[in-house]
Amino acid sequence: MNELKRLSDAEILKRTEELVLKEKEFSFLILKHLAEIDRRRVYADLGYASLYDYCFRYLKYSEYEAYGRISALKLMRGSTNIETKIKTNQISLTNLIQVAKFIGQEEKEKKVRLSIMDKEALVDELKGKSTREVRHILHEKAATPKTLYHIKIHEPTLHKFRQYQSEVGHYGEEDVLNFLLDEKLYFHDGGEKLSSGSRYLPQKMKYLIYQRAKGQCEYQLPDGKRCHEHRRLQFDHIQPYALGGKTSVDNIRLYCRAHNQRAAIKTYGQKKIQTFLN
Ligand SMILES: [Zn+2]
């Protein structure tokens, strides 16, 4: 692994890209082999009652991995169109597993079988999308019902809630609750205490930056593509605070952990930052 440390940034990126391509090729090949094993029921000779059993017990896939591969395989078996999309990386195995799960749930709930054409249309709609986008689209399609949730709260708590609601701009109750929860669950300030003088970001400033970023890492590639991360976001001084950067909306960006750390490495060097990583 020492050899890896000597690679340049460009080399490590290129090599990883090549390996990922190979990984995808292998995933596809494994699916094809599993399909053939299933067709011949070869697993029966080894004492297993199903392909799932063989994948889980013999090949030591986790339940999720075994289930996912078999679902993907079933989708693929029914349609050469879908098979081509997997083979040519238009849809990833992870996304296909999501689709297969979705189809399974839909068929169970609505008690109808989706036609091959419907399945192909669904996969077609999702090709080239990220895992997060696919999750979002399927979630929308599944049309989750709202749940009525009653809570009894004391007057002062309600007062605080209303105060906060007006502070963030009179959003609906669910939005306000979501905002509070997002902040608790996904916002971190690089583990620093928020008490150190002018480094402190007022609530309002956080809110404005969060709105500008639309709750997503603000890192942008030269071609305009944004980083997709929306969890564990951190507020990062563009011109570092230690180097005289101001704590202002313009000088603070919302970055994910990785982009924040990468920026720190670029500013301060790998050596200095290493002890703070992981
Ligand atoms: Zn990012």
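**View 1. Asp236 of strand S2 and Arg253 of strand S3 meet as bridge partners.** In this predicted model, S2 covers residues 233-237 and S3 covers residues 252-255. The two strands run antiparallel and are joined by four bridges. Besides the pairing of Asp236 with Arg253, you can look for Gln234, which stands opposite Tyr255 of S3.

**View 2. The two sides of strand S2 are both buried.** Leu233, Phe235 and His237 point one way, while Gln234 and Asp236 point the other way. In a regular strand, side chains alternate between the two faces of the sheet. Five of the five residues of S2 are buried, so the strand is largely enclosed by the rest of the structure. For a sense of scale, buried residues make up 16% of the 278 residues in the protein.

**View 3. Strand S3 also has buried residues on either side.** Ile252 and Leu254 point one way from S3, with Arg253 and Tyr255 pointing the other way, and all are buried. Here you meet two residues again from the other strand's side: Arg253 as the partner of Asp236, and Tyr255 as the residue opposite Gln234.

**View 4. Helices H4 and H6 cross at roughly 80 degrees.** H4 spans residues 63-78, and H6 spans residues 93-110. Their axes come within 8 Å. An angle from 65 to 115 degrees counts as roughly perpendicular, which makes H4 roughly perpendicular to H6. On the H4 side, the contact is made by Gly68, Ser71, Ala72, Lys74 and Leu75. H6 brings Leu93, Leu96, Ile97, Val99, Ala100 and Lys101 to the contact. By class, these residues divide into seven nonpolar, two polar and two charged.

**View 5. Helices H6 and H7 cross with a right-handed sense.** H7 spans residues 116-126, and its axis comes within 11 Å of that of H6, with a crossing at roughly 140 degrees. That makes H6 oblique to H7. The H6 residues of this contact are Asn95, Val99 and Ile103, and those of H7 are Lys119, Leu122, Val123 and Leu126. By class, the contact has five nonpolar, one polar and one charged residues. Val99 is worth a second look, as it takes part in the contact with H7 and also in the contact with H4.

**View 6. Arg113 sits in the loop between H6 and H7.** Is Arg113 buried or exposed? With 11 C-beta neighbours inside 10 Å, Arg113 counts as exposed. Arg113 and Ile103 are 10 residues apart in sequence, and their C-alpha atoms are 8.8 Å apart in space. You have already met Ile103 among the H6 residues in contact with H7.

**View 7. Lys60 and Lys214 are two loop residues with a positive phi.** Most residues other than glycine have a negative phi. Lys60, however, has a positive phi of about 65 degrees, and phi of Lys214 is near 55 degrees. Where do you find Lys60? Lys60 lies in the loop between helix H3 (51-58) and H4, and it counts as exposed because it has 9 C-beta neighbours inside 10 Å. Lys214 is found in the loop between helix H11 (203-213) and S2. Lys214 is exposed too, with 10 other C-beta atoms within 10 Å.

Conventions. Residues are numbered from 1 along each chain as its sequence is written. This is a predicted model: local features need pLDDT of at least 70, side-chain atom pairs count only at pLDDT 80 or more; totals for chains, interfaces and linings use all residues. Axes are lines fitted to C-alpha atoms, for helices over the stretch in contact, and angles run from 0 to 180 degrees between N-to-C directions. Angles under 35 degrees count as roughly parallel, over 145 as roughly antiparallel, 65 to 115 as roughly perpendicular and the rest as oblique. A crossing is left-handed if the near helix is turned anticlockwise from the far one by less than a right angle, and right-handed if clockwise. Two residues are in contact if their C-beta atoms, placed from the backbone, lie within 7 Å. Ala, Val, Leu, Ile, Met, Phe, Trp, Tyr, Cys and Pro count as nonpolar, Asp, Glu, Lys and Arg as charged, and the others, Gly among them, as polar. A residue is buried if 20 or more other C-beta atoms lie within 10 Å of its own, exposed if 12 or fewer, and partly exposed in between; C-beta atoms are placed from the backbone. Two strands pair if DSSP finds at least two bridges between them.
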